[in-house]
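Visitor: I have a structure open here and would like to talk it through with you. Could we go through it piece by piece?

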Amino acid sequence: MAIENEVFRKTLIDTCKLIPFGFEKKGNGFFYREAFMNGQFSAEIEVDGKGNLKGHVWDNDADEEYIQVHINNITGEFVSLVREGYEKILKRIKDECTIPQQFLFPQSNRISNLIRERYGETPDFPFKKMEDYGVFRYPGNGKWYGLIMNIPFNKMFASDDESLIEIINVKIDVKDRDRLLNSAGIYDCYHMNKNSWVSIVLDDTLSDDRIMELIDVSRNLIIGRNLSLQNNAWLVPANPKYYDIDTAFKKRKGVDWKQGKGIRKGDTVYMYVGSPVSSVRYKCQVIKTDIPFVFENDEVRMNRLMKMDVLQEYRADYCPFEKLKQFGVNAVRGPRRINEKLKEYLDNYNEQTKQD
């Protein structure tokens, strides 16, 4: 593995920190040069506009690149000293200009963040010899519904390419297997039951939204149908710039609202009112779904409605956005399921407010 890849493993370069560190803007990217070993060598580091880094070591006396630092089978005391000096510079850049990541590749980290936002669940890393393998479990029974791992390309495909890729294994309904395997980016499962699991390559072949749909299926299969129906609770955003939320929900019974994907009759919906309120304001129960309604303008597009009864109105200071963050919710961009702890907090409103 290249020395740069090893040092910057599982990090994301924060380009906002490069210029304060000492980088110069160069086209769409950044450039940094630093002499070491009493000026005999210089490290030259380039970061492109996407945050990809590459580095060179320049022999100032010979006025040529010192390629030996990048050839692993070249050893010796002198080349080791040059590598050590170069690595110290790279590590300083890493410490001051990067953000730690759980996984190696951008889509892997985005998917992990989306799982945390949607369910409040984070991966654990139970394998000592495979410390980068992250397992996602349903906390109610400890069962896996996702596994992100990095493997050599030639472990998945017939190739001599040994470069690393990352995949996520998800559970599927067996009847969907053939259809899914005809989709780009989805393959026979690596190292797990090929009848009930598939592997998805996390290289942006599939969109984040599509992968999250498959994760939703996997998680529900792990939970079991009865359990998943018992706690189908959603956080749904509403923008007060476009809707008079308070007037709409004063009706209490039979409130019509845009239906989110996956929401069913009997589900619980907690309405989050956006800025400047930025707080959960209503608890509702869905009493009817799939009501035809076609509407579109610059702000919203609808093709079906759901009907809800309002069960509870919350004080604006009970569950503001900062409180949601404590339960793993860092964004409310669309309908999303909530975790048990947040549901318990919202359902205990009357008891909590009595104590206050």
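Guide: What follows is a conversation about strands, cores, sheets and aromatic rings in this model, which is predicted.

Visitor: Let's start with strand 5. Which residues are on its covered face, and which on the uncovered one?

Guide: Strand 5 spans residues 53-59, and its covered face consists of Leu53, Gly55, Val57 and Asp59, while Lys54, His56 and Trp58 make up the uncovered face.

Visitor: And how many bridges does it make with strand 4?

Guide: Strand 4 (residues 41-47) and strand 5 are joined by seven bridges in the antiparallel sense, and within that pairing Ile45 has Gly55 of strand 5 as its bridge partner. The hairpin that the two strands form has five residues between the strands, and Gly51 there takes a positive phi near 90°.

Visitor: What about strand 6, how does that pair with strand 5?

Guide: Strand 6 covers residues 64-65 and pairs with strand 5 in the antiparallel sense, over two bridges, with Asp59 standing opposite Glu64. Four residues lie between the strands in this hairpin, where Asp63 takes a positive phi near 55°.

Visitor: Back to Ile45 for a second. What is it in contact with, further off in sequence?

Guide: Once neighbours within four places in sequence are set aside, Ile45 is in contact with Phe23, Phe30, Phe31, Tyr32, Leu53, Lys54, Gly55, Tyr86, Leu90 and Ile93. Ile45 is also one of the residues with the most contacts inside the largest nonpolar core, which has 25 residues; the others named for this are Phe23, Phe36, Val57, Tyr86 and Ile93.

Visitor: Which elements supply that core?

Guide: At least two of its residues come from each of helix 1 (3-7), helix 2 (18-21), strand 3 (29-36), strand 4, strand 5 and helix 3 (77-97), and helix 3 gives the largest share, seven residues. Another core, of 23 residues, lies apart from it and includes Phe103, Tyr145, Leu180 and Ile215.

Visitor: Changing topic: what is the strand order in the five-strand sheet?

Guide: That sheet is open, with the order 8-9-10-12-11 and antiparallel pairing. Strand 8 (134-137) and strand 11 (186-188) stand at the edges with a single partner strand each, so one side of each has no neighbour in the sheet. Neighbouring strands are turned by 30° against each other on average, direction ignored.

Visitor: How many bridges hold strand 11 to strand 12?

Guide: Three bridges join strand 11 to strand 12 (residues 197-201), and the two run antiparallel; Asp188 has Val198 in strand 12 as its bridge partner.

Visitor: Which helices pack on this sheet?

Guide: Helix 4 (residues 106-119) packs on it, touching strand 8, strand 9 (144-152), strand 10 (164-171) and strand 12, and its direction makes about 170° with that of strand 9. Helix 7 (residues 208-223) packs on the sheet as well, touching strand 9, strand 10, strand 11 and strand 12, and its direction makes about 45° with that of strand 10.

Visitor: Now the aromatics. How many pairs are there?

Guide: The count comes to 22 aromatic pairs. Among them, Phe41 and Phe78 form a tilted pair, at 6.0 Å centre to centre and with 50° between the planes. Phe41 lies in strand 4 and Phe78 in helix 3, so this pair ties together parts that are 37 residues apart in sequence.

Visitor: Are those two rings buried or exposed?

Guide: Phe41 counts as buried at 0% relative accessibility, whereas Phe78 is partly exposed, with a relative accessible area of 39%.

Visitor: And what about Phe327 and Tyr345, how far apart are their ring centres?

Guide: Their centres are 5.4 Å apart and their planes stand at 35°, so that pair is tilted. Phe327 is buried, with a relative accessible area of 18%, and Tyr345 is buried at 16%. Phe327 and Tyr345 also belong to one aromatic cluster with Tyr314, Tyr318 and Tyr349.

Visitor: Which lysines lie over a ring face?

Guide: Lys10 lies over the face of Phe125, at 5.5 Å from the ring centre, and Lys26 lies over the face of Phe31, at 4.9 Å from the ring centre.

Visitor: Last one: what is the order in the six-strand sheet?

Guide: This open sheet has the order 14-17-16-15-13-18, with mixed pairing, and its edge strands are strand 14 (255-258) and strand 18, each of which pairs on one side only. Within it, six bridges join strand 15 (residues 268-273) to strand 16 (residues 279-296), which run antiparallel, and Tyr270 stands opposite Lys283 in strand 16.

How values were computed. Residues are numbered from 1 along each chain as its sequence is written. This is a predicted model: local features need pLDDT of at least 70, side-chain atom pairs count only at pLDDT 80 or more; totals for chains, interfaces and linings use all residues. Side-chain values use heavy atoms; hydrogens and water are left out. Buried means under 20% relative accessible area, exposed over 50%, partly exposed in between (1.4 Å probe, protein chains only). Two strands pair if DSSP finds at least two bridges between them. A nonpolar core is a set of buried Ala, Val, Leu, Ile, Met, Phe, Trp, Tyr and Cys residues joined through side-chain atoms within 4.5 Å. Contact means heavy atoms within 4.5 Å. Axes are lines fitted to C-alpha atoms, for helices over the stretch in contact, and angles run from 0 to 180 degrees between N-to-C directions. Rings of Phe, Tyr and Trp (its six-membered ring) pair if their centres lie within 6.5 Å; planes under 30 degrees apart count as stacked, over 60 as edge-to-face and the rest as tilted. A charge sits over a ring if NZ of Lys or CZ of Arg is within 6 Å of the ring centre and within 35 degrees of the ring normal.
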